[in-house]
Amino acid sequence: MKNLVSSFLFSFLVIAAFSGLARSDGSSWPYADETQQQRNQRMDWWRDAHFGMFIHWGVYSVPAGIYEGHKVKGIGEWIMNRGKIPVAEYKEYSEDFNPVNYDPDKWVRLAKNAGMKYIVITSKHHDGFALFDSKVTDWDVVDSTPYGKDLLKPLAEACRKHGIKLGFYYSQAQDWCHTGGSAMRVPAKGGWDNPKAEKIDKFTAAHSGHWDPAQLGSMDEYIKNIAAPQVREILTNYGDIAVLWWDTPRDMNKERADMLQPIISLQPGIITNDRLGGGYPGDLKTPEQYIPATGLDYDWEACMTMNDTWGFKSYDHNWKSAKTLIRNLVDITSKGGNYLLNVGPTSKGEIPQESVERLKKIGKWMSVNSRSIYETTASPFAKLSWGRCTKKTYINGADLYLHIFDWPEDGKLILPGLKNKVQQAYLLENMKKVKTDSFADGVKIELPSQPLDEIDTVVVLKVAGELEIEKVLPSANAQGEIVLGAMMANIHNPGYGSQAKTETVNGKQNIGFWTDARSWIEWPFKVEKEAEFSVKSDVALIDEASEITIEIDDKKYQAKLSSTGSYSNFKTVDLIDKITLKPGEHRLKIRPVRGKWSPVNFRNATLKSLRILSK
């Protein structure tokens, strides 16, 4: 047991630190007076990197998703909460947490060879278990496991050796094992068919989500005596720390955040995320388990898993393909974000082989194409139906990296809206030149008959001068129709749940896998002349009916879709009989009606001109 003197000493040091670091105006945000230039310098390495490894590791890897013989629903690291495991019982799992196969040098080399530039590891997750030798609690890897050694020190050394930036995740609010830590309320049967569910739910409702009396206490005391001293420990004992990744600010008010925020000044230049709470914005936003449809107007990082869990779960075999992971990296980079891709090691200290295999395939692609990822910025184009674009700009020109997902059958790729002179064009993999031809609507590129890489073949265009790109949006064709195809849709998915996405059915693209009523889609388009339009769509669905809301600008309509017999039998349905639109840019959005939604495949939305109202 750590003695009370040590605990008191750490509390005293933290309070002293607060006194010295807080600004005279009462603010404790250390970057409050930072200029834009200073912020850019601090964020530069992170913005250039685009790709990092997330590691979720802890005692939860011992039960690995199973409690009392039941497969507990949800993500692996939440098994204590979802399973409603009592504190004393959960702590017994630490006796089997013995990562004898832990090889941090191997982990770092795996990340580096995959093209990752930084690593963020869970120094302490919501179960309160620390992967380091904490002086304020025994609930850590040194004092509570047979392994008995700090896991972060050798990882920090390996990162320094291989030139990888190191970041620490720290759960500052939720802590299910220390008295006073916060707890998110989850119904008892949200994890498994718990026979004590009714009794547990009454207790959690009365005690802010806690399910064990051993968890109850003062959160202010918890922040002061556990969280703040531990944050100080991880920021002082492991050398340079590049990122501090807070999580789930449950019950975090400004007063509690103010006990933590000043400590980050111990690591000058450190980058923090937006999950501390208390009104502190951090340096980056963190969309979880989804990629924003159009990027964000702020630094952002999409954190995502390779299967469905963060912490190791023995029976989760729903692995994403290397193709999906590579295209996710490209998609995120093309929107100006970073990709923090997770691995969940076992209790023996091994990264699952499925993760290793996928990282090696990503690394193979990156060994050829990393120049199109590192130090690039977001695409200057509206959505490209055949793939994505990343760019590097210079004083007198730019490099455009065209990531081709869907190879044109005729070998001719159209890059819409580019007005600059193309000085050179070549395939990134073998530097072989390709021909280009500029025309009124953009640039045409003549490609080989087959792609060099089925996942993503990259073409480099070197162009002269400051980028000049006309925004090209779908507009009326010769028949007076504005056809909004599936590939041009912006698909907005929630962070968790199934993800609507494009697929091919009967040789044509459609938006499928749309099972979550929170997902919605939109198309930007352009009207050349004021006119009246009707709107229709080609849809396929099995269930008897599904209801949607159609929005164009500030106008809303509703439609009921009837069964077409199968998800491959598409029929044309009328969505809007008549709507008047003026010249300019517009947006069409389709949203499910909650409670009246069953999965639908959408092939397109088509606006047909009924009557021109202006010349």
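Colleague: Let's start with the fold as a whole. Among contacts in the chain between residues at least 6 apart in sequence, what share joins residues at least 24 apart?

Modeller: Here 74% of those contacts join residues at least 24 apart. Keep in mind that this is a predicted model.

Colleague: How many helices and strands does the chain have?

Modeller: Twelve helices and 27 strands. As for the overall dimensions, you compare the radius of gyration with what the globule rule gives. In this chain the radius of gyration is 27 Å, close to the rule's 25 Å for 615 residues, so the chain is as compact as a globular protein of that length. Along the principal axes, the C-alpha trace spans about 85 × 60 × 50 Å.

Colleague: And what percentage of the 615 residues counts as buried?

Modeller: The cut-off for buried is under 20% relative accessible area. By that test, 56% of the residues are buried. You can ask the same of a single element: in strand β22 (residues 531-540), nine of the ten residues are buried, so read that strand as mostly covered.

Colleague: Which strands does β22 pair with?

Modeller: Look for bridges. Eight of them join β22 to strand β25 (residues 571-581), and the two run antiparallel. Val535 has Ile576 as its bridge partner in β25. β22 also pairs with strand β27 (residues 601-612), again in the antiparallel sense, over ten bridges. There, Lys536 stands opposite Thr606.

Colleague: Where can I see a hairpin?

Modeller: Go to β14 (residues 435-439) and β15 (residues 442-446), which pair in the antiparallel sense over five bridges. The hairpin that joins β14 to β15 does so through two residues. To get your bearings on screen, find Thr436 and look across to Ile445 in β15.

Colleague: Now the empty space. How many cavities of 30 Å³ or more does the structure hold?

Modeller: A cavity is somewhere a 1.4 Å probe fits but cannot get out, while a pocket is open. This structure holds one cavity of 30 Å³ or more. The largest cavity has a volume of about 50 Å³. Its lining includes Val368, Asn369, Leu427, Asp453 and Thr457. Two elements, α12 (353-369) and β16 (457-464), give two or more residues to that lining. By class, the lining has five nonpolar, two polar and three charged residues.

Colleague: And which residues lie nearest the centre of the second largest pocket?

Modeller: Ser385, Trp386, Gly485, Met487 and Met488, out of 23 lining residues. This pocket has a volume of about 530 Å³. β12 (412-416) and β20 (508-512) each supply at least two lining residues, and β12 gives the most, with four. The class count is 14 nonpolar, three polar and six charged.

Colleague: Last one, backbone angles. Which residue in the loop between β20 and β21 has a positive phi?

Modeller: The background is that most residues other than glycine have a negative phi. Phe513 is not a glycine, yet its phi is positive, about 55 degrees. That residue sits in the loop between β20 and β21 (520-527). Its relative accessibility is 44%, so Phe513 counts as partly exposed.

Colleague: What about Asp553: what is its phi?

Modeller: Near 60 degrees, also a positive value in a residue other than glycine. Asp553 lies in the loop between β23 (545-552) and β24 (555-562). With a relative accessible area of 39%, Asp553 is partly exposed.

How values were computed: Residues numbered from 1 in each chain as written. Predicted model: local features only at pLDDT ≥ 70, side-chain atom pairs only at ≥ 80, totals over all residues. Heavy atoms only, no water. 1 Å grid on protein atoms, 1.4 Å probe; cavity = no way out; pocket = protein on both sides within 12 Å on 5 of 7 lines; lining within 4 Å. Points joined across faces, edges and corners; volume = space filled by probe spheres on them. Nonpolar A, V, L, I, M, F, W, Y, C, P; charged D, E, K, R; others polar. Pairing = 2+ DSSP bridges. Rg over C-alpha atoms; globule rule 2.2 N^0.38 Å. Buried < 20%, exposed > 50% of the residue type's maximum accessible area, 1.4 Å probe, protein only. Contact = heavy atoms within 4.5 Å.
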